[in-house]
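Q: Could we go through this structure together, one feature at a time, with the general idea stated before the particular case?

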Amino acid sequence: MIKTENLTKVFRTEEIETSALNKVNIHVERGEFMAIMGPSGCGKSTLLNVIGLLDNPTAGRYFFDGAEVGNMKEKNRTQIRKGNIGFVFQSFNLIDELNVFENVELPLIYLKIKARERKAMVEKVLERMKISHRRKHFPQQLSGGQQQRVAIARAVVANPKLILADEPTGNLDSKNGKEVMNLLTELNREGTTIVMVTHSLHDSDYAHRIINLFDGMVLTEQMKKEIGDLAMM
């Protein structure tokens, strides 16, 4: 599903040039759960942003589902993201002015799905995430664990091929963190490809494979489990 060739990302200002990614070569198979690890500032989130088509590489190539997408214009990248890629962030990134139902419904509105179908899809995913009883609550009325469940519901409501998770348990206690990781594991078992950035060795144990970055380069790669062989923890 994902392949990069000598992926490079350089951030420039008038006075300084910073290399965030330096000739990164990775691949992610369909149905895989991959964790990206490394110290702060090593390029993890930058790599996730490029994979998620939120940013373009400075050099190198990026293939998504067999098509070269690394240097597309924003309009074209947006079209590919829609319905194909779901995002889960450490800070949840819910919209405070929208209630739970409306936050989860938002991607479906962008996809121009009819209201009746949207309602059924949102109700189904809220039930699955065990958050339907909070459908009329606003984010500030929810616990951190509940907010992350809503964020995951929003990420998966359109049945994306790929979920990108950036420190998904970073703001959660161990109990809620484990519940979130079990949800991601369940989604992966059902066929969703997951790429997760994490500092947590515990969370990385859920992955099939771990990529370690250092100074924008792939330092090591470790195979943990075969695809389809991930058990609930």
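A: Let us begin with pairing: two strands are said to pair if DSSP finds at least two bridges between them. The model is a predicted one, and in it strands S10 and S11 run antiparallel and are joined by 6 bridges. Within that pairing, Ile211 has Glu221 of S11 as its bridge partner. S10 and S11 also form a hairpin with 2 residues between them, and Asp215 in the turn has a positive phi of about 50°.

Q: In what order do the strands of the open sheet lie, and is the pairing uniform or mixed?
A: As a general idea, strands of a sheet pair through backbone hydrogen bonds, either parallel or antiparallel. Here 6 strands form an open sheet in the order S7-S8-S9-S4-S10-S11, with mixed pairing. Strand S7 (85-89) and strand S11 (217-223) each have a single partner strand and stand at the edges, so one side of each is left without a neighbour in the sheet. On average, neighbouring strands of this sheet are turned by 15° against each other, direction ignored.

Q: In which sense do S4 and S10 pair, and over how many bridges?
A: Strand S4 (residues 33-37) and strand S10 (residues 209-214) pair in the parallel sense, over 4 bridges. The register can be followed from individual residues: Met34 stands opposite Arg209 in S10, and Ala35 has Ile210 in S10 as its bridge partner. Helix H5 (residues 144-156) packs on the sheet, where it touches S7 and strand S8 (162-166), and the direction of H5 makes about 170° with that of S7.

Q: Which strands does S1 pair with, and in what sense?
A: Strand S1 (residues 2-12) runs antiparallel to S3, to which it is joined by 2 bridges, and the bridge partner of Ile2 in S3 is Val28. S1 is also joined by 5 bridges to strand S5 (residues 59-64), again with an antiparallel run, and there Lys3 stands opposite Phe63. A further 5 bridges join S1 to S2 in an antiparallel arrangement, in which Phe11 has Thr18 of S2 as its bridge partner. S1 and S2 form a hairpin, with 4 residues between them.

Q: Is Ala20 buried or exposed, and which residues is it in contact with beyond its neighbours within four places in sequence?
A: The cut-off to keep in mind is that a residue counts as buried under 20% relative accessible area. Ala20 lies in strand S2 (residues 17-24), and because its relative accessibility is 12%, Ala20 counts as buried. Leaving aside the neighbours within four places in sequence, Ala20 is in contact with Lys9, Phe11, Cys42, Gly43, Thr46 and Gly216.

Q: Is Glu32 buried or exposed, and what does its side chain reach?
A: Glu32 is found in the loop between strand S3 (27-28) and S4, and with a relative accessibility of 2% it counts as buried. The side chain of Glu32 reaches the backbone nitrogen of Glu29 at 2.9 Å.

Q: How should the helices be read, and which residues of H1 and H3 are buried?
A: An α-helix has 3.6 residues a turn, so residues three or four places apart point the same way. Helix H1 (residues 44-51) is mostly covered, since 6 of its 8 residues are buried, namely Lys44, Thr46, Leu47, Leu48, Val50 and Ile51. After H1 comes Leu53, whose phi is positive, near 60°. In H3, the buried residues are Val100, Phe101, Asn103, Val104, Glu105, Leu106 and Leu108, and what covers them includes helix H4 (115-128) and H5. Asn99 caps the N-terminal end of H3, with a side-chain oxygen 3.2 Å from the backbone nitrogen of Phe101, whereas just after H3 Lys112 takes a positive phi of about 60°.

Q: How much space lies in the largest pocket, and which residues lie nearest its centre?
A: In general, rolling a probe the size of a water molecule over the atoms shows where empty space is left. In this model the largest pocket holds about 530 Å³ of space. The lining of the largest pocket consists of 20 residues, of which Ile85, Phe87, Pro107, Tyr110 and Arg154 lie nearest its centre. The elements that give two or more residues to this lining are helix H2 (74-81), S7, helix H3 (100-110) and H5.

How values were computed
Residues numbered from 1 in each chain as written. Predicted model: local features only at pLDDT ≥ 70, side-chain atom pairs only at ≥ 80, totals over all residues. Heavy atoms only, no water. Axes fitted to C-alpha atoms, helices over the stretch in contact; angles between N-to-C directions. Contact = heavy atoms within 4.5 Å. Buried < 20%, exposed > 50% of the residue type's maximum accessible area, 1.4 Å probe, protein only. Polar contact = N/O pair within 3.5 Å; in protein donor to acceptor, adjacent residues only side chain to side chain. 1 Å grid on protein atoms, 1.4 Å probe; cavity = no way out; pocket = protein on both sides within 12 Å on 5 of 7 lines; lining within 4 Å. Points joined across faces, edges and corners; volume = space filled by probe spheres on them.
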